[in-house]
Structure formats: C-alpha cells, structure tokens
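Got your viewer open? Load the model, pick a plain cartoon style, and we'll go from stop to stop together.

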Amino acid sequence: MDPDRAVARRRSSLLLLRLLLVALLWSGLALGTYSLGSSPHRVLHDLLSEEQLLKVEDLSLALLQGGRMGPLSLPPDLPDLDPGCRELLLDFANSSAELTGCLVRGARPVRLCQTCYPLFQQVASKMDNISRAVGNSSESHSCARSLLMADRMQIVVILSEFFNSTWQKANCANCLTNKSEELSNSTVYFLNLFNHTLTCFENNLQGSAHSLLQLRNYSEVCKNCRDAYNSLSSLYSEMQKMNELENKAESGTHLCIDVEDAMNITRKLWSRTFNCSVPCSDTVPVIAVSVFILFLPVVFYLSSFLHSEQKKRKLILPKRLKSSTSFANIQENSH
C-alpha cells in the first residue's frame, strides 16, 4: 500500500474518532452528566474505557473501508456457503415453495397427484443434487455437510422427508407410470370419465332449476346419468381389483388419493344428494337363491326326523303275549 495513502487514511480515521468523541461529549454535557469545568482527559476517561476506545477506532477504520463490517472483520474460519452450494440451496428452496403451494391448492377437492407430480419430481431432483455434492473434492463435501448435517434442525432434510411422506401416504405412485413421469392410462381414463359424469350431473341440474330449489326433484339426473355413473363405478371396481392383484404382499393398499376422492364425491352426490338408487337386474334369481338357502335347514331337519322315526318302527311283542304263545305251542306238541 502507498505510504502517503496509509497516512491519509490514518488521519481520516483519527478525525472521525474525534468527531465521535465530540458527539459523545456533547451528549454528556446536554444530559448534565459532566460540567464545563472538567478536564478533557477526565471526561474522555469517564465516557469510554480503553477497550471501548479501541473498538471505536476499529469502527472508524471499517467505515473508511467502505462500510463493510462482514468478511473484513470476521475470522476466516467462520462457516459460510460458497456460491455453488448457495445456488443448490436456493434451487431447493424455490422448488419446495412451489410444491408446497401446489399441495395446499390441491387439498380440496384432492388434486395432489395429477397436478403436483412434476413439482415433486423437481424437488426430488434438487435434493439428489445436494446429496450428490458429497464427492471427492473437499468443497463439495463441505457443501453437503453444511446443508444436511451442520446443525440439529436439519431443515433441508426435514422438508425432504415431509414431501416424501406426503407422497407415499397419498399413494401417488399408483396413479403414475413406472418411472413416475406421467399419469397412467387407467388414471387418465378414469379422470375423463369422472369429469364426464360431473358434467352430466350439472347439465341435468340446470335443466330442472326450479324443481331443484323447490321440490328437490332429481329424477332427470338419476335417469340420464345412470349409464355414466355405472361406468365410472365399474371402472373403479376394476382398478381396485387390479391394485389388489399387483400388491398381494402388501396389506391395506389403496388407489391414489385423487381417484379415491373422486369416487367418494361421485357416490355421495349420487346416493345422498340426488337420492338415486341402482336397481339390480338380477332380482328374481337373487330372491330364488335366498329362499332356497333359507329353506335348507328346514328340509335338513325334516328329513333327519323322518329317517329316525322309520328306524324305530319295529314290532316288539309284550312279555305276556310271548309266554302265552309258548304255552300254547307246548300243549299242541303234547297232543
């Protein structure tokens, strides 16, 4: 550094120090703490200690260096993130914020899997980038440790585990392809049929607006939307059977929450709101089989009773009749 420039900076710092001391001295006089007759050294000694004077001088030097009090005055071993590591953290933060907003917006009615799966894949990718930062270089290893293991809270890890847990509870993988890149064909078909059923409900309700408000007559809905509802219900049952076959080892498996919630909404509208019933076309065979099963115990006990009575029908002669018969036979033989 140029000696003249250093001397000028030193003089400027001393000038700033004197200005600070004058301000402190003036504040003390204004408050009546010190009298005008006190000596300057006494006043200075009373105002600031030697340690405080050194701090004020350091402050003035820092201000002369451009007002930057951070890296110039901090120790070199203070933990901080390098630009690449900070960029990874910001990418994960932005992706997490977008996914959180999507999950909240799709809470009711449930649209988590079908609308948030791209954002979930993005968050998982950002987390993988942070985890892979543990490499051979010391900088990458330090970045991963700083973001994932540097403190007790481990915010990045907590957020990642929350997203993974939510995704597993919603069973969104059941709605997606094997690579989780897009919705499966069965899910797309079900959602289209679900939207078609709701559109049928809406169109038939608009046609009977007056009865909807007064008499609550939903006969048009039940009649015109029966086929759509039956198709949706049959498809849902088939999807359940396929899911049970694919996950025999896992008990209590469900379809993804989007499909389950859509079917629950449709069934509540159909049975509770519209009070529609689905008549069974096989009523006569069902009644016949029920009556037959009901009379099976009667037939069984009746046949058992008759069979036991036939075995007991044997002619057993009384003892008196036996003795008289034997005596008559003896007399006949004597004659």
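Is Asn171 buried, partly exposed or exposed? Select Asn171: at 23% relative accessibility, this residue counts as partly exposed. (Buried means under 20% relative accessible area, exposed over 50% and partly exposed in between, with a 1.4 Å probe and protein chains only.) Asn171 lies in the loop between helix 7 and helix 8, and its phi is near 55 degrees, a positive value in a residue other than glycine.

Before moving on, a word on what you're looking at. This is a predicted model, in which local features need pLDDT of at least 70 and side-chain atom pairs count only at pLDDT 80 or more, while totals for chains, interfaces and linings use all residues. Residues are numbered from 1 along each chain as its sequence is written, and side-chain values use heavy atoms, with hydrogens and water left out.

**The whole chain**

Now zoom out and colour by secondary structure. You should find 14 helices and zero strands. (Helices are DSSP runs of H or I with at least four residues, strands are runs of E with at least two, and both are numbered from the N terminus.) Of the 335 residues of the protein chain, 25% count as buried. Switch on the surface: the accessible area comes to about 24,500 Å², and 58% of that belongs to carbon and sulfur atoms. (Areas come from the Shrake-Rupley method with a 1.4 Å probe; for residues, only the protein chains shown count as cover.) As for contacts (heavy atoms within 4.5 Å), residues 24 or more positions apart account for 65% of those with a separation of 6 or more.

**Loop stops**

Select Gln154, in the loop between helix 6 and helix 7. Its phi is near 55 degrees, again positive in a residue other than glycine. Gln154 is partly exposed, with a relative accessible area of 28%.

Next, go to Pro109, in the loop between helix 4 and helix 5. Look at the peptide bond leading into it from Arg108: that bond is cis, with omega near -15 degrees.

**Salt bridges**

Stay on Arg108 and show its side chain. What does it meet in a salt bridge? The partner is the side chain of Asp261, at 2.7 Å from N to O. The pair ties together distant parts of the chain: Arg108 sits in the loop between helix 4 (83-105) and helix 5 (112-131), Asp261 in helix 12 (residues 257-273), and they are 153 residues apart. Arg108 counts as exposed, at 57% relative accessibility, whereas Asp261 is buried at 9%.

A salt bridge here is a side-chain nitrogen of Lys or Arg within 4 Å of a carboxyl oxygen of Asp or Glu. How many does the structure hold? There are two, so select Glu220 and Lys223 for the other, where the closest N and O atoms are 4.0 Å apart. Both residues lie in helix 10 (residues 219-224), three residues apart, about one turn of the helix. Glu220 is partly exposed at 34%, and Lys223 is exposed at 56%.

**Into the core**

Hide the surface and select Leu99, Phe190, Val259 and Phe274. These have the most contacts inside the largest nonpolar core, a group of 52 residues. (A nonpolar core is a set of buried Ala, Val, Leu, Ile, Met, Phe, Trp, Tyr and Cys residues joined through side-chain atoms within 4.5 Å.) Helix 5 brings the largest share, nine residues. Domain 1 (83-170) and domain 2 (185-209 + 216-273) both give residues to this core, so it lies between them. (Those bounds come from an automatic or database domain assignment.)

Centre on Phe274. Leaving aside neighbours within four places in sequence, its contacts are Phe201, Leu205, Tyr218, Val221, Cys222 and Leu269.

Then jump to Thr266 in helix 12, which counts as buried at 0% relative accessibility. With the same neighbours left out, Thr266 is in contact with Phe194, Thr197, Phe201, Tyr229 and Leu232. Try a distance label on the last of these: the C-alpha atoms of Thr266 and Leu232 are separated by 9.0 Å, with their positions 34 residues apart along the chain.

**Last stop: a nonpolar patch**

Bring the surface back and select Ile287, Val291, Leu294, Phe295, Val298 and Val299. Together they form a nonpolar surface patch with about 570 Å² of accessible area. (Patches are made of residues with over 30% relative accessible area and no salt bridge; like charges are joined within 9 Å, nonpolar side chains (Val, Leu, Ile, Met, Phe, Trp, Tyr) within 5 Å.) To place it on the cartoon, follow Val298, which lies in helix 13 (residues 283-312).
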